[in-house]
Amino acid sequence: MRNYDLITPEGTKDLLFGECIIRRNIEKTLLKIFKSRGYSEMITPGLEFFDVFNLNSPYFPQENLYKLTDSKGRLLVMRPDSTMPIARVVATRLRDTMLPLKLCYNQTVYRTEPALKGRSDEIVQSGIELIGSELKIADLEVISTAIEALRSFDMEFSIEIGHIGIFKELVGKLDVSDHIKEKIRRNIETKNFPALNDLLDSLGNSPVITALKKLPALFGGEEVFEKAEELMPDEKIKRILDELREIYRDSCEICGNAGSITVDLGLVNKTDYYTGLIIKGYLQGHGEEVISGGRYDRLISEFGYDIPAVGFAMNVNGVAKAIEKYGILPSLPVPDVLVYAPEGCEVEAFRTAQEFRDQGMIVENALYEDLESARAYAIDKKIAKFVVVDSKSYEEEME
Amino acid sequence: MNKPIRIALTKGRLEKDTVGLLEKLGFDCTAVREKGRKLILPVPDGNLEVVLAKANDVITYVEHGVCDIGVVGKDTIMEMDGKFYELVDLGFGRCKFALATKKDYDFYSGYGIKTIATKYPNVSRRFFEKKGMDTEIIKIEGSVELAPLLELADGIVDIVETGTTLKENGLEVIEDVAPISARLIANTVSLKMRQAEIENLIKLIEENL
């Protein structure tokens, strides 16, 4: 018995017409921006060996992966991310290529999300990877690409930067178990001030602890750097802060009035993955970040090639949602011409239609036997020109 | 004027406590007090909009960003989890999660796997996982106290305020699981995009707790 033949699996959906136009426009715009900055597109397989994602640093919990086996019984996953496969390619086929490498992609990733939460298991991500440079200008290049990408949607946007090094240095000075460190990290990530304060109070009192307590509150504009300056207990952290401040200032100048640049020193997600800069991007009125990225200098070394990298991924579904909600919806293209031919004149009709198409018009051949049905179709579809091809061909301009 | 900040309140006691707090801050909450059956209500002088929802839904609405901030119990946060900022412990709505059994029942004795009845399976699972104890967890929707009385379960994990219901049914708390109170949560993007407004409101709230 078939129970599921008329529906799609949870977390997936069919996109129709206008939804496709929005989706494809975003993808086209992003790829065009990336390519105009010298990024080359890559397509990696939708199926990968589980091992590619089963590494130490970026943690993909196995319960969030779509798994299957190949004909030899080996464990495969539906690609949950594009950065890992690209790292795999860089460490193998692109190993002898001159650095830096500038790569971009636009492909679907699959992750199981909790049911009934209104989330998608199938997300299109469009992003860049800049591989082989640890310079500040590489960070700026990625931020500046993110700015250009967000600006292209004509909506209010904001880019937020942070630096994982500050948290790592601070927490490294605490003599506590990894379990406690993870609890501190989690409370900073969720800006859970009550729990963070309770936890840190139980560890005594020191400049490091005071700084950790304040970390999640250190977000906003340039004033954040001044506040942070006073709190940071040592020179190394101050240096990181100075670097980030320079990036912040440069980013503000690059961005101009197009959007806003903010900083959040409490961005501490994926601490094992990021090694420096962290980037997030937001669109007004969309409840989740649409850009997520940063510097991950140790990731490619998991595949045996020790080179730095920085990049971001844009959640195309998220952008599409934001545009559908707040932006201008595209109207479906209406054919310019409908060509009708009675039996016997079909070949002539296709030739006529092609002539119109060669002039750049959208042309349909009417798929009806009688003229009246064809005309009714033209009226229903709001097609402006109705062309009849028979012994005495003529054109009709519709309303 | 800007779009109002939308605040989702958990219907019932937390709603009353929060409205009391908002009034203490000097906001005119007449519309919320005289709400009738309306679910979205203005607090005009505060440029706020109050949304009344069930506890779990407060989290859902805030997570999706259709409400900017919300007031919800730590109990719901612990059970549901999700992606949002948990900014302030509001101090009211205090109670606790506790493990309770029939009076004088020796819960930890024997090697048999214990059965727990609860409305909060995630909280219960985590509590016993931490102890390294395998348990069988049964989700109950209504009065959980019934389960041990009917001998479906060895114990319950539930919210305890005064303990009167437990006592009247011959049950007792044998262990506290976690303290609970109302929390102010915020959508991760709203806090960033509307930082000044939300931070001002939080400052006002913290000064008046």
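A salt bridge here is a side-chain nitrogen of Lys or Arg within 4 Å of a carboxyl oxygen of Asp or Glu. Keep that in mind for the first pair, and note that what you see is a predicted model.

The pair is Arg295(A) and Asp139(A), whose closest N and O atoms are 2.9 Å apart. That value lies inside the cut-off of 4 Å, so the pair counts as a salt bridge. Arg295(A) sits in strand 11 of chain A, residues 291–295, and Asp139(A) sits in helix 3 of chain A, residues 136–151. With the two positions 156 residues apart, the bridge links distant parts of the chain. Over all chains, the whole structure has 44 salt bridges.

Next, chain A as a whole. Chain A contains twelve helices and 16 strands. Its domain assignment gives domain 1, spanning 17–326, and domain 2, spanning 337–397. The centres of these two domains of chain A, taken over C-alpha atoms, are 53 Å apart. How does the radius of gyration of chain A stand against that of a compact globule of 399 residues? Chain A has 27 Å, where the globule would have a value near 21 Å. Along the principal axes, the C-alpha atoms of chain A fill a box of roughly 95 × 55 × 45 Å.

Now the interface of chain A and chain B. The contact involves 26 residues from chain A and 24 residues from chain B. About 2,000 Å² is buried between the two chains, with 48% of it on carbon and sulfur atoms. On the chain A side, the residues that lose the most area to chain B are Lys117(A), Phe219(A) and Gly287(A), and together they make up 27% of what that side buries.

As for polar terms, five salt bridges cross this interface. A salt bridge also joins the side chains of Asp264(A) and Lys192(B), at 2.8 Å from N to O. Between chain A and chain B there are nine residue pairs in polar contact, with both residues at pLDDT 80 or more.

Which elements of chain A give two or more residues to the side that touches chain B? They are strand 7 (157–163), helix 5 (178–189), helix 6 (193–201), strand 8 (219–220) and strand 10 (277–283). Strand 7 of chain A gives the most, with three residues. By class, that side of chain A has seven nonpolar, eight polar and eleven charged residues.

On to chain B. Its assignment gives domain 1 in two segments, 5–93 and 181–207, and domain 2 at 95–179. The C-alpha centres of these domains of chain B lie 31 Å apart. Seven residues of domain 1 of chain B contact eleven residues of domain 2 of chain B. The area buried between the two domains of chain B is about 740 Å², and carbon and sulfur atoms give 46% of it. Asp75(B), Met78(B) and Glu79(B) supply 73% of what domain 1 of chain B buries against domain 2 of chain B, more than any other three residues.

The count between these two domains of chain B is one salt bridge, along with four residue pairs in polar contact, both residues at pLDDT 80 or more. Helix 4 of chain B, residues 74–80, gives the most to the domain 1 side, with four residues. That side of domain 1 of chain B has one nonpolar, two polar and four charged residues. Also in chain B, Glu161(B) and Arg13(B) form a salt bridge, with their closest N and O atoms 2.9 Å apart.

How values were computed:
Residues numbered from 1 in each chain as written. Chains lettered and ligands numbered in written order. Predicted model: local features only at pLDDT ≥ 70, side-chain atom pairs only at ≥ 80, totals over all residues. Heavy atoms only, no water. Domains from an automatic or database assignment. Contact = heavy atoms within 4.5 Å. Buried area = accessible area lost by both parts, 1.4 Å probe. Polar contact = N/O pair within 3.5 Å; in protein donor to acceptor, adjacent residues only side chain to side chain. Nonpolar A, V, L, I, M, F, W, Y, C, P; charged D, E, K, R; others polar. Rg over C-alpha atoms; globule rule 2.2 N^0.38 Å.
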